[in-house]
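Here is a short briefing for a first look. Please view the sequence and the model, then read the points below.

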Amino acid sequence: MPQPIVLIQSSLLALLMLGATLLPVRAEQPGANPRQTWQMLDYIAVDYAGAVQGGHIVSPGEYAEMQEFAGAVRTQLASLPKSSKKPALLAQADQLVVAVTTKAEPLHVATLARGLADDLLASYSIGAVPTSPPVPSRAAALYAQQCAACHGSAGRGDGPTAAALDPPPIAFSDATRAAQRTPFALYEVISQGVPGTGMAAFSSLSDADRWDLAFYVGGMAYSPQAQTRGETLWHERLELHSKFPDLEALTRASEAELAKTLEPVQAAEVVAYLRAHPQAVNEAAAGAATGPLALARQRLAQSERAYRTGDTTRAKALALSAYLDGVEPIEPTLATRDAALMRELEAAMAQFRAKLGHGAMPAEATVQATRIRALFDRAEAVLQDRHTDTTTAFLGSFTILLREGLEALLIVIGMIAFLRKAERRDVLPYVHAGWIGALLAGAITWAVATYFVDISGANREVTEGVSALFAAVVLLSVGIWMHGKSFAGRWQQYLHAKMSAALTRRSAIFLFTLAFVAVYREVFETILFYIAMWSEQTSGAIVAGLLTGTAVLVGVAYWMLRLSKRLPIGKFFTISSVLIALLAVVLVGKGVAALQEAGWVSQALIAAPRIDWLGVYPSWQSLLAQLAIATVAVAGFILNARSARAPAKS
């Protein structure tokens, strides 16, 4: 906690600050001005190094100003409206006051001030974003009229009136200081002024003029040569575009932050170019809008922005849309070209949604979003590679049909084999009507999804998830029932009873429904995959893959039916019951995963492998659901075995 004398000083300074000229964004209680609070934090982060070095005061005037601003930050934060994050902000402010009072190292103070400034932005909306790209060149005349008298014509802080000012005007040409400042910070200074200095507020200027000035003075420390080299870097290294997805990101970017991920010289050159030409960010975004992941990029940027402003609900909805509507449609094609990249991208977006759901700090979400944008760049490079289009289209078409078709085939063939073993061929039409009806419904789905409406990603996942869970529950009950009939004597009893009884209408509807749901779920997903990967250039390869996959499925079906005829009735039921129970475990895992992707079920990720064909996904919810189904199946099998042994003992 701060020393008593510092608290007294802070309180007195706060009373003085209330009389300063303020420019509030919204009507708030007296003294509450998050914009000015953020501005003071930015000044502390940048200017403290000029006041204290090695634990000693090197500039008494600067140090007094740092103490004043630190105390005022604490007082203004206390007067802001109540928020769940306010206590944490106050605790951070206390740490900052102590650090300044004890003459801590500049790096430590800057880290505390910037961290508090970022969290303040996330907790209280300031809402200062240019509505259109600033035009720095337009501000040259305005600077000469309004700023040059103090800051000098070249921004060196040596204007005609500079000598009379204490503290002296800022030198915009100072490269070290310029590396720490952001256009947003400069805009706030121009808009609000700096209490206790000669810097007045220029709130009478239009918003556009203030942004033009902010970018103009923010670029005065950079040479024309640096701008030219920065332009080359910007156009050659497209991954840089992901660091500046919109104007808001550019206004909050500093050279020092960019230098954490780039060579310092390159960071300075890129910033030099973008400060002089901020419209380049919009131009890059417009160019990216034609890429296959344009919608995903847009939704991700919107989600990140909403989370920074505290709108968590909207941020989570946008993050989900970024995946379902922006990424999932291209997954079939990406999977055939780079399956590992597809899984990495899918996992990264799931982690981003998890961070939002768990209330992570905005800085953590931003780091994850930056990682995702880098994966977007890699994915688009893979998707735009035309060298392997024909081969990958054929393999994608073939594997999609085979993967989805085998699950449905196991269920339908199992039902047909069972009815044949039971000599109930009169019931087979209900099963055939179910799977044929599912194929027809799939054709209708294709027409609707292609020509009439765009089925959203969430609706796709909900359909797949609910149908998978329904099929899993039904299959579990059927598997346990079939296992019970596999014991000696049980099958003969059942067959004798059923052969003399007509099939009820309820049983017929049940068989029809199971066949329909099992097949339609796979047809639905397959149709949407084909729509997503279809293109005129590779249509022949896609059709060839479809026909080849169909032929393989027909061969597998024939083999399974022949095999079922040769198996003894007891062994047939034993093998079938185990396979059906395993399929129920697979489907419940896929069903929960689909509902998680649709946002219906929460997602707690763990370090576990992902095995799609087994329905194993790295989340507690899906794994626990599979464990529950497996436990019920094993318990049912054990009870069947015990009940079969009981009559034998008697």
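The points below go from the whole chain to two chosen residues. The model is predicted. The chain has 28 helices and two strands.

**Whole chain**
- The chain holds 650 residues, and 49% of them count as buried.
- Contacts with a separation of 6 or more were sorted by distance along the sequence, and residues 24 or more positions apart account for 74% of them.
- About 30,000 Å² of the chain is exposed. Carbon and sulfur atoms supply 63% of that area.

**A buried glutamine**
- Gln368 sits in helix α20, which covers residues 362-383.
- The relative accessible area of Gln368 is 7%. Buried means under 20%, so Gln368 counts as buried.
- Leaving aside residues up to four places away in sequence, Gln368 touches Ala348, Gln351, Phe352 and Lys355.
- With one of these, Gln351, there is also a polar contact. It joins the side chain of Gln368 to the side chain of Gln351 at 3.3 Å.

**A nonpolar surface patch**
- Ile575, Val578, Leu579 and Leu582 make a nonpolar patch on the surface. The patch measures about 330 Å².
- Leu579 lies in helix α27, made of residues 569-597.
- The relative accessible area of Leu579 is 47%. Partly exposed is the class between buried, under 20%, and exposed, over 50%, so Leu579 counts as partly exposed.
- A patch residue needs over 30% relative accessible area, and Leu579 has 47%.

Terms used: Residues are numbered from 1 along each chain as its sequence is written. This is a predicted model: local features need pLDDT of at least 70, side-chain atom pairs count only at pLDDT 80 or more; totals for chains, interfaces and linings use all residues. Side-chain values use heavy atoms; hydrogens and water are left out. Patches are made of residues with over 30% relative accessible area and no salt bridge: like charges are joined within 9 Å, nonpolar side chains (Val, Leu, Ile, Met, Phe, Trp, Tyr) within 5 Å. Accessible areas come from the Shrake-Rupley method with a 1.4 Å probe; for residues, only the protein chains shown count as cover. A salt bridge is a side-chain nitrogen of Lys or Arg within 4 Å of a carboxyl oxygen of Asp or Glu. Helices (H or I, at least four residues) and strands (E, at least two) are DSSP runs, numbered from the N terminus. Buried means under 20% relative accessible area, exposed over 50%, partly exposed in between (1.4 Å probe, protein chains only). A polar contact is a pair of N or O atoms within 3.5 Å; within protein, one must be able to donate a hydrogen and the other to accept it, and residues adjacent in sequence count only if both atoms are side-chain atoms. Contact means heavy atoms within 4.5 Å.
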